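Hi everyone, thanks for coming. Please bring up the model on your screens, and we'll walk through it together.

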Amino acid sequence: RDVETLYRFDKANVVLSLDGDFLCELPGSLRYAREFVDRRRIDSDRLGEGADLMNRLYVVESGRSLAGGMADHRLPVRACDVEAFARVVAQRLGIEAGGAALPVDVPGEWMDGLVADLKANAGASIVVAGDNQPPAVHAIVHFINNALENAGKTVVYTQPVEPHPVNQAQSLRELVDDMSAGHVKTLLILGGNP
């Protein structure tokens with residue numbers, strides 16, 4: 001079913017970004033950036049027993065981004081290797097995600113540290129995929145967040161903002177077909193460039 005995914009970076013101790021700059025590209029990125037940065041500040045008044053510690057950011061990306069620049073652990077990979085990376089993370093967390101081999105450029109100790117950190121912060125972590133990633137990566141990310149018990153805590157699913165979500169490419173094809181068949185006499189486009 002269609003859902004809107006919202007993130008609670010103020011509650012996340014560990015964040016893994018898979019080729020997605022949540023600080024400036026996702027809907028809600030202004031709020032996400034504020035929550036994330038607030039968890040990066042060291043406040044001497046908060047230090048002490050039970051105080052929130054600074055969060056950690058792992059970024060796996062094919063290009064440079066703001067999130068990658070702020071990452072504690074950044075791993076550059078080819079764009080075509082992001083899905084394989086996500087599958088390996090899922091498998092290491094005990095999720096059946098189809099066969100995948102770790103991309104050659106990924107150090108084993110990097111992956112081991114990431115997986116251990118995610119497991120140690122179950123319910124207090126976020127895994128996020130960039131909008132440019134294919135549906136398979138987004139599905140794997142949802143499975144990972146669910147397995148880590150993040151759903152309902154740091155990852156919240158709501159009804160879609162769009163009242164009747166449609167496949168926009170398919171909808172455009174249908175419009176072109178209707179125009180070609182002469183069913184459209186007038187077309188108004190507001191705020192867009194066809």
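**The pocket, the cores and the salt bridges**

Let's start with empty space: the largest pocket here has a volume of about 840 Å³. A pocket is found on a 1 Å grid over the protein atoms alone, as an open set of points where a 1.4 Å probe fits, with protein on both sides within 12 Å along at least five of seven lines. Its volume is the space filled by probe spheres set on the points, which are joined across faces, edges and corners.

Before going on, a word on the source: this is a predicted model, where local features need pLDDT of at least 70, side-chain atom pairs count only at pLDDT 80 or more, and totals for chains, interfaces and linings use all residues. Residues are numbered from 1 along each chain as its sequence is written, and side-chain values use heavy atoms, leaving out hydrogens and water.

Back to the pocket. Which residues are closest to its centre? Of the 28 that line it (lining means having an atom within 4 Å of a point), they are Val 3, Glu 4, Thr 5, Asp 131 and His 138. Strand S1 (4-7), helix H1 (29-38), S5 and H5 each give at least two lining residues, and H5 has the largest share, with five. Helices and strands here are DSSP runs, numbered from the N terminus: H or I with at least four residues for helices, E with at least two for strands.

Now to the inside. A nonpolar core is a set of buried Ala, Val, Leu, Ile, Met, Phe, Trp, Tyr and Cys residues joined through side-chain atoms within 4.5 Å. Buried means under 20% relative accessible area, exposed means over 50%, and partly exposed is in between, using a 1.4 Å probe and protein chains only. The largest core has 29 residues, and Leu 18, Phe 85, Leu 114 and Ile 144 have the most contacts inside it. Several elements supply at least two residues each, including strand S2 (14-18), helix H4 (108-120) and helix H5 (135-147). The largest share, six residues, belongs to H3. There is also a second, separate core of 17 residues, with Phe 36 and Val 155 among them. As general background, nonpolar side chains tend to be buried together in soluble globular proteins.

On to charges. How many salt bridges does a search of the whole structure find? The search finds 10, where a salt bridge is a side-chain nitrogen of Lys or Arg within 4 Å of a carboxyl oxygen of Asp or Glu. Asp 117 and Arg 56 make one of them, at 2.7 Å, N to O. This pair links distant parts of the chain, from helix H4 to strand S3, 61 residues apart. Asp 117 is buried at 12% relative accessibility, whereas Arg 56 is partly exposed at 28%.

Another joins Glu 61 and Arg 74, with the closest N and O atoms 2.5 Å apart. Glu 61 is in strand S3 and Arg 74 in strand S4 (residues 73-76), so this pair ties together parts 13 residues apart in sequence. Glu 61 is buried, at 3% relative accessible area, while Arg 74 counts as partly exposed at 24%.

Last, a look at the backbone. Asp 19, in the loop between S2 and H1, has a phi near 55°, a positive value in a residue other than glycine. Asp 19 is buried, with a relative accessible area of 11%. Glu 149 also has a positive phi, near 60°, but counts as partly exposed, at 49% relative accessibility.
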